[in-house]
Amino acid sequence: MNNVKDFIAAGKAILGIELGSTRIKAVLIGEGNEPVASGAHNWENRLENGIWTYTLDDIWTGLQDSYAKMAADVKEQYGVELTSLAAIGLSAMMHGYMVFDSAGELLVPFRTWRNTITEQSSGQLTELFQYNIPQRWSIAHLDQAILNNEPHVGRIDYLVTLAGYIHWQLTGQKVLGVGEASGMFPIDTNTKDFNQHMVEQFDQRHAQKGFAWKLRDILPKVLSAGDPAGNLTEEGAKKLDPSGRLAPGIPLCPPEGDAGTGMAATNSVAVRTGNVSAGTSVFGMVVMEKELSKVYPEIDLVTTPSGDLVGMIHCNNCTSDLNAWVNLFKEFAESFGIKPDMEQLFSTLYNKALEGDKDCGGLLAYNYFSGEPVTGFEAGRPLFVRTPDSRFTLANFMRVHLMASLSVLKTGFNLMLKEEGVKVDKMLGHGGLFKTKGVGQRILAAAINAPVFVMETAGEGGAWGIALLASYMVNKGANETLADYLEQRVFAGQAGEKMEPDAEDVKGFDRFLEVYTSGLPIERAAVECFQ
């Protein structure tokens, strides 16, 4: 405790802040890169005039509150005032659209990643670039605003994401980490910068509009992990800590997105490693050795914070339907006067699934609470169906819902791992699906036919991840890569619990996916007929 107190008092601690979709979290890390204090602020996006947004007031109120709570935690635990830091890192949910004029005024309300209003531009840019441009990417938002003849477009001086905006306000620097930048516009992994050929294609696409700007003029400068990204200004220090205690001059690392900080927090930035985050939604990422052979609308291409190419499968639905069924069993138990412990209930039911048939014995489920782009659904209906001669047991019932929660992810991973031959040596699982030891891990190993690791630190999250990136910037050795820094200095000795795929599980999941895929018209009919 005294060592941590002295470390903080000496201004050597490092701060990471991440603005997620429902929570802003500030994490302070100590000498061993371990969290020593934290603070959090809950917030919600709002739907205004058909746009999912947060106001600037929402952003700064939340940022200041999370910082203040972290500083109060430091005072309570260690009895010291937080006045200086060795480094700061800022992260936020990726993508979206924030545009400013030359006076630094926001031109239109912040359009978050959640908005699906750019379908026209997404399709046209994907065709133009021969590179998948999802609807949530910043360039799709800009292009759609141009196509819509929105009057603000000609006045744009700066286009950036949420993380880049806050970093700019704190440092005066218009920069972005390469991982976050890869969710704005395609990255050339050789130059670790925006793809110049595609930049020129975009400019040519809108040349007749006569804008005063070219695309490069309004985009941030791209930096890689470890690069200096500016220092906290006097004005920035007061914006972060209105109490005035925090001193200016603190260096900041390049601002990153939640995908990049998730990679850092799970030690999956090296080539042929990956991670799966499975909760309400699920996404999986693999750091690839080379480009894909063709464009897949199911696969987003982003980068690590060091600029290595990453294939990402993003699915809207994961555990919501599974949780709903567990809650039904809870209600059943309560009807008999039993008050089940929820952790024990989840553990019992999840482990029961391991007793089921490898292919779920003729049971089929779809967990679509909402649409699922990977399988082509704009809306969803949770659905359970079985054949008359199915083996309708509790074990198979739980197993089918566990496998359904990862089936869309497996569909996307099959494109990467089977059709494209992308190699993955190690996959790390984190999130609620993996809380029951060994179950979600085993199902995922079967889905991707690769070893899956789960680490104790996997729950630390993106605020810790961006703190690690700030730590790397100020503490790295000469020629020390981010992958080496994480492996040797942060996660040394923390390999996590490893589970190899079971051959019969793999065959069973493959058989189940054939049934799942052929049954998609049933889900389509449910969406159309059950309004």
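**Entry 1. Helix α5 and its end**

I looked first at the residue after helix α5: G172 follows this helix and has a positive phi, near 80°. The model is a predicted one, in which local features need pLDDT of at least 70, side-chain atom pairs count only at pLDDT 80 or more, and totals for chains, interfaces and linings use all residues. Residues are numbered from 1 along each chain as its sequence is written, and side-chain values use heavy atoms, with hydrogens and water left out. I took helices (H or I, at least four residues) and strands (E, at least two) as DSSP runs, numbered from the N terminus.

I then checked how α5 is covered. Helix α5 spans residues 162-171, and 10 of its 10 residues are buried, so the helix is largely enclosed by the rest of the structure. Here buried means under 20% relative accessible area, exposed means over 50%, and partly exposed lies in between (1.4 Å probe, protein chains only). Among the buried residues of α5 I noted Y165, H167, W168 and Q169.

**Entry 2. Helix α14**

I made the same check on helix α14, residues 439-448. Nine of its 10 residues are buried, so α14 too is largely enclosed by the rest of the structure. The buried residues include V439, Q441, I443, L444 and I448. N449 follows α14, and its phi is positive, near 50°.

**Entry 3. Positive phi in two loops**

I recalled that most residues other than glycine have a negative phi. Which loop holds N33? I found N33 in the loop between β2 and β3. Its phi is positive, about 65°, although N33 is not a glycine. At 7% relative accessibility, N33 counts as buried.

K192 also has a positive phi, about 55°, and is not a glycine. I located K192 in the loop between β10 (187-188) and β11 (193-194). K192 is partly exposed, with a relative accessible area of 24%.

**Entry 4. Strand β1 and its sheet**

I turned to strand β1, residues 14-19, and found six of its six residues buried. Both faces are covered: I14, G16 and E18 lie on one side, L15, I17 and L19 on the other, and all are buried.

Which strands pair with β1? I counted two strands as paired if DSSP finds at least two bridges between them. Strand β6 (residues 87-92) pairs with β1 in the parallel sense over six bridges, and I14 has A87 as its bridge partner in β6. Strand β2 (residues 23-29) is joined to β1 by six bridges, and these two strands run antiparallel. In β2, V27 stands opposite G16. A hairpin of three residues joins β1 to β2.

I followed the sheet outward from there. It is an open sheet of five strands in the order β3-β2-β1-β6-β13, with mixed pairing. The edges are β3 (35-42) and β13 (256-257); each has a single partner strand, so one side of each is left without a neighbour in the sheet. β6 and β13 run parallel and are joined by two bridges, with S91 opposite E256 in β13.

**Entry 5. Residue D425**

I looked up D425 in the loop between α13 (394-419) and β20 (426-430). Is D425 buried or partly exposed? D425 is partly exposed, with a relative accessible area of 45%. Not counting residues up to four places away in sequence, D425 touches R272 and P451, where contact means heavy atoms within 4.5 Å. I also compared its place with that of I29: the two are 396 residues apart in sequence and 29 Å apart in space, C-alpha to C-alpha.

**Entry 6. The protein as a whole**

I ended with the overall values. The secondary structure comes to 18 helices and 22 strands. The C-alpha trace spans about 70 × 65 × 45 Å along its principal axes. With 531 residues, a compact globule would have a radius of gyration near 24 Å, and the protein, at 24 Å, agrees with this. That radius is taken over C-alpha atoms, and the globule rule is 2.2 Å times the number of residues to the power 0.38.

Buried residues make up 56% of the 531. Among contacts between residues at least 6 apart in sequence, 72% join residues at least 24 apart.
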